[in-house]
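User: I am new to reading structures, and I would like a close look at a single part of this one. Pick one buried spot, explain it step by step, and then show me how it fits into its surroundings.

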Amino acid sequence: MNVTAANSFFNIPYWMGSGNIVSNLVGIVLYLVVVSITFSIFGYTVGWLERKIIARVQNRHGPTYVGMWGLLQNLADLVKLLAKEDVIPANADRMLFSASLPLLLALSIFIILLIPYSPTLQATNLGFGLLIIFTIMSFFPLLIFTAAFSSGNKFAEISAQRSVLVLLGYEIPILLVIAAIAAMSGGYNLSSIVGMQAGLHYLAFLMPIGFIIFYISMLAEFERPPFDLREADSELIAGWLTDVSAPSYALALFLDYARMFLGSVIMAILFFGGWNGPAFIPPFFMLVIKALLISFSIIIVRATTFRMRMDRALRLGWVFLIPLSLINIVITYLLFVK
Amino acid sequence: MKIERENLMSTVSRMKSEGFDYLIKITAVDYADHIDAIYLLRNFESSKDEVIEVSLDPSDLWLPTVINIHKSADWYERELSEMFGIEIKGRHAPRLLLEKWDGTEFPLRKSFTWGAQYKTKDEIK
Amino acid sequence: MSIVRINVGPVHPSTHGVIRLVVDVDGDTVVNIEPHIGMLHRGVEKLAETRMYMQIPPYTEKLDYMAPMSYDEAYVATVEAAMNITVSERAQYVRVILLELQRIASHLLSVGFFCNDLGQMFTGFMWAFKDRDIILDLLQEAAGSRMFYVNMRLGGLREDLPADFEDHVLQTMNYMEKRIPEYVNYLEKNPVFIERTKGVGVLTREDAKQLGVTGPVLRASGVNYDVRRNNPYYVYSKLQFTPKVLQEGDNFARYKVRMLEIQESIRLIRSAIKLLPEGDAKGLPIKLRSPNPVNRISIVNRELPRGECMMYLVADPQKPYRLSIRSPNFINLAAINHLAKGGRFADLFSTLGSLDLVMGCVDR
């Protein structure tokens, strides 16, 4: 593969491939600042929104004391959690146990860097971006498995088994839906997938079956109810987090919202046209608004539904979602590709 | 209905075939000179309750199990043997039902006393 | 796969108090459950032997802290039976109203907890809790306290009902009647709820009799027995009470029986208020010396929200010689091994929730 071919395949952005060092550095710093601020604010706001919305569904008020409308409650909780001792259980594998959670967060951040946020705000524009995102994402259940097994807790052990089963049941439908999307756009490049959805040609409308499969599988992938089988608090106490003490638990909570951010941004890009929208809204904000709306729907699902049983959840994955996603590929091929 | 200990199992199973197929409770009362074990049975069809009393001598405290006739007797019999020290013969009790208990004293016997006992006016006199 | 032994409790999110279950799990299937009880044992039966008759209601009330009024009444009724005290006509009606209000409050809580055990994010629980609070407001109006009432006296109540109480009750019943369909829609139209409850933890009619379960659990298995109909006390026979019986015997049936009983209780309260006679509902005040018992042994059955309670009282002058309490939760819990064995690990907790246990009542 020669250099130009490699360049076009990796599609290295102009400010990284060429230009002087100063403008490169400024670009990198700007990008990091914008993305990390967005990511943190988004995570924090969704965390607050989740508490508020669920409280309203349940005829409660939610946090009200700390800050305006309880906005600073999560910060107060974070301070409390970080102030506590980090205990590692005696029969845990110290290294694996303490490494898994930071590794999970690092992987999430890695994915965050692979996502394009607007035509200009993107770290890289890989030709196989979509594929690599989901390759990394399929490491999550494995890392959760490691974290759970290394903690040496029996509840965590059950949770570990469940996480692997979820991996088996729901990774395949996700990849099959992605295959359909790739067939439609002619590649795994996220920018071109967004470009394809200009106007109101959102994939959620063009490929409704695929969208529903993807939404359900993402809920399972990120352990949102009704698939919170790994963290099933009424059965497994906290599942793989049972033996995790306060500071690491704060990390796990942050990870929860990081993954929610990831999931909703990816869904917005793949199915709701990414940054496409009315001209008066900047593309970047358009994407964030769409991601917020998707997060809202995930929160509402959490507030109303019951937890599925493991065997039923697997049945849903294997018996319904996989055949449906195969049908989805065929329909997509017949309607749009051929 | 007062019966002898020897007739207990036959009476309970006879009553079960007569329709008293629900065991409400097994309990006991310590009357100092004897201990009464009380079996309460119910007939759902006629909604009638029947009380069976078995009088036991404190020096010879044991009862045959009725667990083969009424499964619900399981926990009641275990509670009885822990609270009154009545040995239940013919069954397997895996462990104590109510825990933290050394099994040397029997709390619901009248001989079991503790600390300050409340006395009524008549008793003080 | 090898069998894993898991220790659930005494501190666990869904054990409803301090109970410890030692569960043997083969993969996701429950092989054996060994309940360890006795962590809330307070020796109420022994304490009762050392207290005077009317000093005991506060103890019996705290057995079932989710429906204290019912236990209060069951004990006082036993003492009344021992002393041959008749309850005035009005007091009978008032007691029925208060007991049925307590039953609604207790069943609402049970339905709410059941949602929680099915892994819901507290939504059903909070709804039920809020509606229960409205009922508790009424009980507070009548008894002066929200949680533990000690409201029953020999032959009547501590105080007659306050003015306007009937109107408040009727208003609340109108509200409740609107709320119940909301619960039913919310729960029974949810496919996951149906999937998780129907056919889970099945208890057949014969097994239910064999295991001696009581109350809603017994009626959900098709045994048509309710003390209020078969052995009616107070004015239940005048109010045309019909027990709610379902045949399935699964978790859904147990939930449904409670839901139907709430509706039946609303109807009972309405008709009791319609028939409520004038008069005095006040009972004997608590004195240092209570009337002497006439009957040596008295047995009283009562239908509590969680099942049938039976009190066996051997009476001495001034204080009980022996008070034996048949707790409905004790025998319902004994059935858990039969119910959840062979089921999924997740269903163990919903089955436990469907039995609606209060550990204070189990351990006594």
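Analyst: Start with Gln102(C), which is found in helix 4 of chain C. One caution comes before the rest: this is a predicted model.

Is Gln102(C) buried or exposed? Its relative accessible area is 1%. Buried means under 20%. Gln102(C) is therefore buried.

What touches Gln102(C), leaving aside its neighbours within four places in sequence? There is a run of residues: Met66(C), Ala67(C), Pro68(C), Met69(C) and Ser70(C). Leu139(C) and Tyr149(C) complete the list. Another residue to look at is Arg132(C), 30 residues from Gln102(C) along the chain. The C-alpha atoms of these two residues are separated by 9.2 Å.

Now widen the view to the nonpolar core. The largest one has 254 residues. Leu101(C) is among the members that touch the most other members. So are Phe345(C) in chain C and Tyr117(A), Phe134(A), Phe214(A) and Phe271(A) in chain A. Helix 4 of chain C, residues 89-117, gives this core its largest share, with 15 residues. In soluble globular proteins, nonpolar side chains tend to be buried together.

Take Phe214(A) as an example from that core. Leaving aside neighbours within four places in sequence, Phe214(A) is in contact with Phe134(A) and Phe271(A). It also contacts Ile174(A), Val177(A), Ile178(A), Ile266(A), Met267(A) and Leu270(A).

Next, the aromatic rings. Over all chains, a search of the whole structure finds 33 aromatic pairs. In one of them, the ring centres of Phe42(A) and Phe261(A) are 4.8 Å apart. Their planes meet at 65°, and an angle over 60 counts as edge-to-face, so this pair is edge-to-face. The pair links distant parts of the chain: Phe42(A) is in helix 3 (residues 21-57) and Phe261(A) is in helix 13 (residues 246-271), both of chain A. They are 219 residues apart. Both Phe42(A) and Phe261(A) are buried.

Phe122(C) and Phe125(C) make another pair, with ring centres 5.8 Å apart. Their planes are at 70°, so this pair is edge-to-face too. How exposed is each partner? Phe122(C) has a relative accessible area of 32%, so it is partly exposed. Phe125(C) is at 12%, so it counts as buried.

Phe42(A) also leads to Ser295(A). Ser295(A) is found in helix 14 of chain A, residues 283-304. Its relative accessibility is 1%, so it counts as buried. Beyond its neighbours within four places in sequence, Ser295(A) is in contact with Phe42(A), Val46(A), Met260(A) and Ser264(A).

Aromatic residues also gather in a cluster that takes in Phe306(A) from chain A. From chain C come Phe114(C), Trp127(C), Tyr183(C), Tyr186(C), Phe193(C), Phe252(C) and Tyr255(C). One cluster member has a charge over its ring: the charged end of Arg179(C) sits over Trp127(C), 5.3 Å from the ring centre. Likewise, the charged end of Arg302(C) sits over the ring of Tyr234(C), 5.0 Å from its centre.

Stay in chain A for helix 7, residues 140-150. Its buried residues are Phe140(A), Pro141(A), Leu143(A), Ile144(A), Ala147(A), Ala148(A) and Ser150(A). What covers these buried residues? The cover includes helix 5, helix 6, helix 8, helix 11 and helix 13 of chain A. Just after helix 7, Gly152(A) takes a positive phi of about 70°.

Finally, see how the chains meet. Two pairs of chains touch, and chains B and C have the most contacts. This contact takes 51 residues from chain C and 49 residues from chain B. The area buried between them is about 4,200 Å², and carbon and sulfur atoms give 55% of that. In chain C, Lys46(C), Gln210(C) and Tyr321(C) lose the most area to chain B. Together they make up 16% of what that side buries. No contact joins chain A and chain B, and their closest C-alpha atoms lie 24 Å apart.

Chain B itself has three helices and six strands. From the N terminus on, they run β-α-β-β-β-β-α-β-α. Of the 125 residues in chain B, 50% are buried.

Technical notes: Residues are numbered from 1 along each chain as its sequence is written. Chains are lettered from A and ligands numbered from 1 in the order in which they are written. This is a predicted model: local features need pLDDT of at least 70, side-chain atom pairs count only at pLDDT 80 or more; totals for chains, interfaces and linings use all residues. Side-chain values use heavy atoms; hydrogens and water are left out. A nonpolar core is a set of buried Ala, Val, Leu, Ile, Met, Phe, Trp, Tyr and Cys residues joined through side-chain atoms within 4.5 Å. Buried means under 20% relative accessible area, exposed over 50%, partly exposed in between (1.4 Å probe, protein chains only). Helices (H or I, at least four residues) and strands (E, at least two) are DSSP runs, numbered from the N terminus. Contact means heavy atoms within 4.5 Å. Rings of Phe, Tyr and Trp (its six-membered ring) pair if their centres lie within 6.5 Å; planes under 30 degrees apart count as stacked, over 60 as edge-to-face and the rest as tilted. A charge sits over a ring if NZ of Lys or CZ of Arg is within 6 Å of the ring centre and within 35 degrees of the ring normal. Buried area is the accessible area (1.4 Å probe) that two parts lose on being put together, summed over both.
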